[in-house]
Amino acid sequence: MATRTKRAGEDRLIKKYPNRRLYDTQTSTYVTLADIKGLVMTNESFKVVDAKTDEDLTRNILLQIILEEEAGGAPVFSTQMLSQIIRFYGNSMQGLMGNYLEKTMQSFVDIHNKLGDQTKGLGAGSTPEAWSQMLNLQNPLMQGLMGNYMEQSKDLFVKMQEHMQSSHNMFGSFPFTPQPSKTEKE
């Protein structure tokens, strides 16, 4: 097989063959899901396609990686959260839910990056082990920070719901009902 050179601005191409093997056309080698995870971790842009049909399989491969990670013993998703996500499939809110989760995840990543930037001057303080120790030591602080973030996220969603209901009056109930803010409770 001929080696394929990646052009600037082009995704790295991974081909999936019927024997379930993944072939990296840039390096002319077979790769594993762990190798694909490595591409994700380094923010390398790639695309996985079926070798015969050219069907885009990138999402399927990413879901496989998530499945392996979730089975690895320290899951990110609780059973309740997965059940709630499944309930949105086929729901009229499916598109909104995907967009909302994507924006929420991006906000979380932005917060993580900002915290990372603030700790760069600490030297070894930016390793995953150091982060883990800091989070354990600062657990109440981090829980408070994340609790405030989640509360703001929920408030934003409720405000979006109210705006859509008042401007178009075409949406029924959403999963959240507005609750009085802390200042209204006092």
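## A quick look at the fold and one surface patch

The chain's secondary structure adds up to 7 helices and 4 strands. Keep in mind that this is a predicted model. If you walk along the sequence, the elements come in the order β-β-β-α-β-α-α-α-α-α-α.

Here are some whole-chain numbers to keep at hand.

| Property of the chain | Value |
|---|---|
| Share of the 186 residues that count as buried | 20% |
| Share of contacts with a separation of 6 or more that link residues 24 or more positions apart | 40% |
| Share of the accessible surface (about 14100 Å²) that belongs to carbon and sulfur atoms | 55% |

Now for a spot on the outside. Val40, Met41 and Leu62 together make a nonpolar surface patch of about 260 Å². Leu62 sits in helix H2, which covers residues 58-71. Is Leu62 buried, partly exposed or exposed? Its relative accessible area is 32%, and because buried means under 20% and exposed means over 50%, Leu62 falls in between and counts as partly exposed.

Further along the chain there is a record to look at. UniProt, in an unreviewed entry, lists "domain: PHB accumulation regulatory" at residues 77-112 and 127-165. What does the span 77-112 look like in the model? Residues 77-112 are 78% helix and 0% strand, and the C-alpha atoms at the two ends of that span lie 18 Å apart.

Definitions and conventions. Residues numbered from 1 in each chain as written. Predicted model: local features only at pLDDT ≥ 70, side-chain atom pairs only at ≥ 80, totals over all residues. Heavy atoms only, no water. Patch = residues over 30% accessible without salt bridge, like charges linked within 9 Å, V, L, I, M, F, W, Y side chains within 5 Å. Areas by Shrake-Rupley, 256 points an atom, 1.4 Å probe, with all protein chains shown as cover. Salt bridge = Lys/Arg side-chain N within 4 Å of Asp/Glu carboxyl O. Buried < 20%, exposed > 50% of the residue type's maximum accessible area, 1.4 Å probe, protein only. Contact = heavy atoms within 4.5 Å. UniProt positions renumbered as here; feature names shortened; annotations may be inferred.
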